[in-house]
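This report looks at selected helix contacts and salt bridges in one chain. Please keep the model open while reading.

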Amino acid sequence: MSADTNVLVVGAGPTGLLAALGLARMGIAVTVVDQEPSPSKAPRATNYMPPVVKVLDSFGVLDDLLMVALKNDTFWQYYKLEDQRVPVCFDVVKDLTPYHYGVQCGQHTLASVILQHLAKLPHVKVLWGHQVLGVQQDAAGVTTTLQTPQGTETLRSDWVVGADGARSAVRRSIGATFEGHTWPERFVATNVWLDLEEHGFGKTTLVHHPVDWAITVKINEEGLWRVTFGEDASLPEDEVLRRIPERYGRILPASAQRAAYDIESAAPYRVHQRCADRLRVGRVLLAGDAAHITNPAGGMGLNTGALDAAHVVTALGAVIQGRCDDKVLDFYDADRRRVYWEVTNSTSTEHKRRLREPSPARRAQDFGMLVAARENPHIARAIVMSFFDAEGHPMPV
């Protein structure tokens, strides 16, 4: 049986869409399926770090994204108990890389820009409302069973990239386990119309406090912000949502608490640190949240996923074009798992600890490190360049 498509990408979030775009730009036929009826606008990732900006540029979407997103070269660390703010500036590495800034926008905005680029390519299909029921492979290809608006259908492909999120059906189909742990608290992501820059916050401000910690990010120039904070996981969801104004009152600056604001959306969710025990089984690869998930402190989730997509494109594209054998996919498997455990997991866990550190002595030590970085450019450069560790090793193609 001939393949219906060279590559089936499962999941139309930014990771899956980037993988699809990169492969399609190489002339490879790609079909993207997603179980949702349309792109999700739920409050998710907002910050794209310098190495991901580099990927977005290489995939040809950066200029269009910057027309609807924000550039940011500084994120602020605010120690609430001490009432101290310290900036960390990306531009200390401008002599080392042209990507010395981050980009901020809602995840759905990034997805929309990538979809616009995919729509210009003739050998790409994006199918909404298509849920994966199972994946079976043989020596010649992969058969994916889908629940579609028209009923159950099968699609034949040479390869499958599973980028279908933390509850990945593709991951389950290949028998991969999801090793790690779940954090005891619940995170609450809110989108709110309230311009926190008018009240002394930077475009990204991390609020450090043992209880009332928060991650605040400006999403657009019209005044929409993301405010993420922690809540007791034992509370019912309706109580979590009811308490949002109270939590804002403890987190935000006093002047912001007196201002009128409008909560556009809110999403309580559980937080995990997990990675699949394998990211490649035969003709099936995993990427993004299907491969690994992390708490959002430090912005390592989608950033690692976007870098997965870039490596999928490099490795799988080379295999399809006959430039190397499929052993490079085993390299992808091993190195992206290494990046998760050595970089993503450790970095995000440390960021989470610092945000809610209860010990005054440890908090003072953390704050001292930031002050040292402000005063010593070599320390600041090392902090910023550490973001590029998530790129991992180059694919040997």
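Lys327 is exposed, because its relative accessible area is 60%, and over 50% counts as exposed. Lys327 is found in helix α10. In sequence, Lys327 and Pro396 are 69 residues apart. In space, their C-alpha atoms are 9.6 Å apart. The model is a predicted one.

**Salt bridges**

Helix α10 spans residues 327-355 and also holds a charged pair. Glu342 forms a salt bridge with Arg338. The two are separated by about one helical turn, because they lie four residues apart in α10. The background is general: an α-helix has 3.6 residues a turn, so residues three or four places apart point the same way. Arg338 has 23% relative accessibility, so Arg338 counts as partly exposed.

The structure holds 27 salt bridges in total. Three of them are listed here.

| Salt bridge | Closest N and O atoms |
|---|---|
| Arg85 with Asp83 | 3.8 Å |
| Glu231 with Arg247 | 3.6 Å |
| Glu342 with Arg338 | 3.0 Å |

Glu231 pairs with Arg247. This pair links distant parts of the chain, 16 residues apart. Glu231 is in strand β15 (residues 224-231), and Arg247 is in helix α7 (residues 244-251). Are these two partners buried or exposed? Both Glu231 and Arg247 are buried.

The third pair joins Arg85 to Asp83. Arg85 counts as partly exposed because its relative accessibility is 31%. Asp83 is found in the loop between β5 (74-79) and β6 (84-89). The backbone at Asp83 deserves a look. Phi of Asp83 is near 55 degrees, a positive value in a residue other than glycine. As a rule, most residues other than glycine have a negative phi.

**Helix α1 against α9**

Helix α1 covers residues 14-24, and helix α9 covers residues 300-320. Their axes come within 8 Å and cross at roughly 25 degrees. Angles under 35 degrees count as roughly parallel, and α1 and α9 are therefore roughly parallel to each other. The crossing of α1 and α9 is right-handed. On the α1 side, Pro14, Thr15, Leu18, Ala19, Gly22 and Leu23 make the contact. On the α9 side are Leu302, Gly305, Ala306, Ala309, Val313, Leu316 and Gly317. What is the class make-up of the contact of α1 with α9? There are nine nonpolar residues, four polar and no charged.

**Helix α1 against α4**

Helix α1 also meets α4. The axes of α1 and α4 come within 9 Å and cross at roughly 20 degrees. That makes α1 roughly parallel to α4. The crossing of α1 and α4 is left-handed. From α1, the contact uses Pro14, Leu17, Leu18, Ala20 and Leu21. They meet Gln107, Leu110, Ala111, Ile114, Leu115, His117 and Leu118 in α4. By class, the contact of α1 with α4 has ten nonpolar residues, two polar and no charged.

Pro14 and Leu18 of α1 take part in the contact with α9. Pro14 and Leu18 also appear in the contact with α4.

**Helix α2 against α9**

Helix α2 runs over residues 50-58. The axes of α2 and α9 come within 9 Å and cross at roughly 40 degrees. The two helices are therefore oblique to each other. The crossing of α2 and α9 is left-handed. Pro51, Val52 and Val55 of α2 make the contact with Asn303, Ala306, Leu307 and Ala310 of α9. The class count for the contact of α2 with α9 is six nonpolar, one polar and no charged.

Which residues in α2 are buried? They are Pro50, Pro51, Val52, Val53, Val55 and Leu56. The cover over the buried residues of α2 includes α1, β3 (47-48), α3 (62-66), β7 (102-104), α4 (107-118) and α9. Just after α2, Gly60 takes a positive phi of about 85 degrees.

Ala306 of α9 is part of the contact with α1. Ala306 is also part of the contact with α2.

Key. Residues numbered from 1 in each chain as written. Predicted model: local features only at pLDDT ≥ 70, side-chain atom pairs only at ≥ 80, totals over all residues. Heavy atoms only, no water. Salt bridge = Lys/Arg side-chain N within 4 Å of Asp/Glu carboxyl O. Buried < 20%, exposed > 50% of the residue type's maximum accessible area, 1.4 Å probe, protein only. Axes fitted to C-alpha atoms, helices over the stretch in contact; angles between N-to-C directions. Parallel < 35°, antiparallel > 145°, perpendicular 65-115°, else oblique. Left-handed = near helix turned anticlockwise from the far one by under 90°. Contact = heavy atoms within 4.5 Å. Nonpolar A, V, L, I, M, F, W, Y, C, P; charged D, E, K, R; others polar.
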